[in-house]
Amino acid sequence: MKMKKKNSSSYLLALVFFILAFTFPTLLCASSSYATKDHLFPEFIKWHVYVVNSLSYNQSLFTHCKSSEDDLGVNNLSPGSNITWSFRTDFFHSTMFSCYVTKDGASLSFKAFWYDARLFDKCDWKNCIWVAKNDGVYLKNLSRRLDELVYIWNAGM
């Protein structure tokens with residue numbers, strides 16, 4: 001009988017360790033301000049990422065966005081249009097999307113989504129909106145209600 005009790009405790013201890021191994025990194029990344037928003041687990045949020053063409057002079061924006069698992073293909077965005085995609089992050093906090101964008105005479109590559117509490121706050125915990133403008137690519141900081149220049153165009157392609 002003592003043998004069964006020892007095996008049961010080992011299984012219980014392993015289960016507790018397994019749960020803590022997945023929740024501890026999330027708890028470390030979340031500050032007290034996030035706790036009040038009930039957003040301790042970004043894995044359960046459905047994220048939406050947008051890339052918007054706000055270039056002037058009727059310029060098109062070519063985009064190619066992808067993650068290690070999903071390739072969203074090449075898109076030609078006319079002025080004022082956008083692409084969007086939705087997903088949930090993985091429990092290992094490794095979800096990342098990157099985009100390569102080009103306009104007349106310039107291009108750049110940028111990270112459109114990665115596991116970062118500051119990014120989550122700027123995206124208001126669900127909508128990351130990237131806006132291509134004449135001088136670079138901006139992230140809409142939804143919590144502060146402003147566009148932040150994050151990436152500057154590289155001349156040439």
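Reader: I'm new here, so before we get to Asn141: what does "buried" mean?
Author: It's about relative accessible area, worked out with a 1.4 Å probe on protein chains only. Over 50% is exposed, and in between is partly exposed. Buried means under 20%.

Reader: So is Asn141 buried or exposed?
Author: This is a predicted model, and in it Asn141 lies in strand S8. The relative accessibility of Asn141 is 2%. The limit for buried is under 20%. Therefore Asn141 counts as buried.

Reader: Which side chain does the side chain of Asn141 join in a polar contact?
Author: Leave out neighbours within four places in sequence, and Asn141 is in contact with Lys122, Leu146 and Glu148. The polar contact is with another residue, at 2.8 Å. That side chain belongs to Ser143.

Reader: Which element gives the largest share of the largest nonpolar core?
Author: That core has 32 residues, and Val51, Phe110 and Trp153 are among those with the most contacts inside it. Elements giving two or more residues to the core include strand S1 (47-53), helix H3 (117-122) and strand S8 (136-141). The largest share is five residues, and it comes from S6.

Reader: Where does pLDDT stay under 50?
Author: Across the protein, mean pLDDT is 83, and 72% of the residues reach 70 or more. One stretch stays under 50, though the model still has 25 contacts for it beyond four places in sequence. Where pLDDT is low, don't read the predicted coordinates in detail. The stretch in question is residues 22-37.

Definitions and conventions
Residues are numbered from 1 along each chain as its sequence is written. This is a predicted model: local features need pLDDT of at least 70, side-chain atom pairs count only at pLDDT 80 or more; totals for chains, interfaces and linings use all residues. Side-chain values use heavy atoms; hydrogens and water are left out. pLDDT is the predictor's confidence in each residue, from 0 to 100. Contact means heavy atoms within 4.5 Å. A nonpolar core is a set of buried Ala, Val, Leu, Ile, Met, Phe, Trp, Tyr and Cys residues joined through side-chain atoms within 4.5 Å. Helices (H or I, at least four residues) and strands (E, at least two) are DSSP runs, numbered from the N terminus. A polar contact is a pair of N or O atoms within 3.5 Å; within protein, one must be able to donate a hydrogen and the other to accept it, and residues adjacent in sequence count only if both atoms are side-chain atoms.
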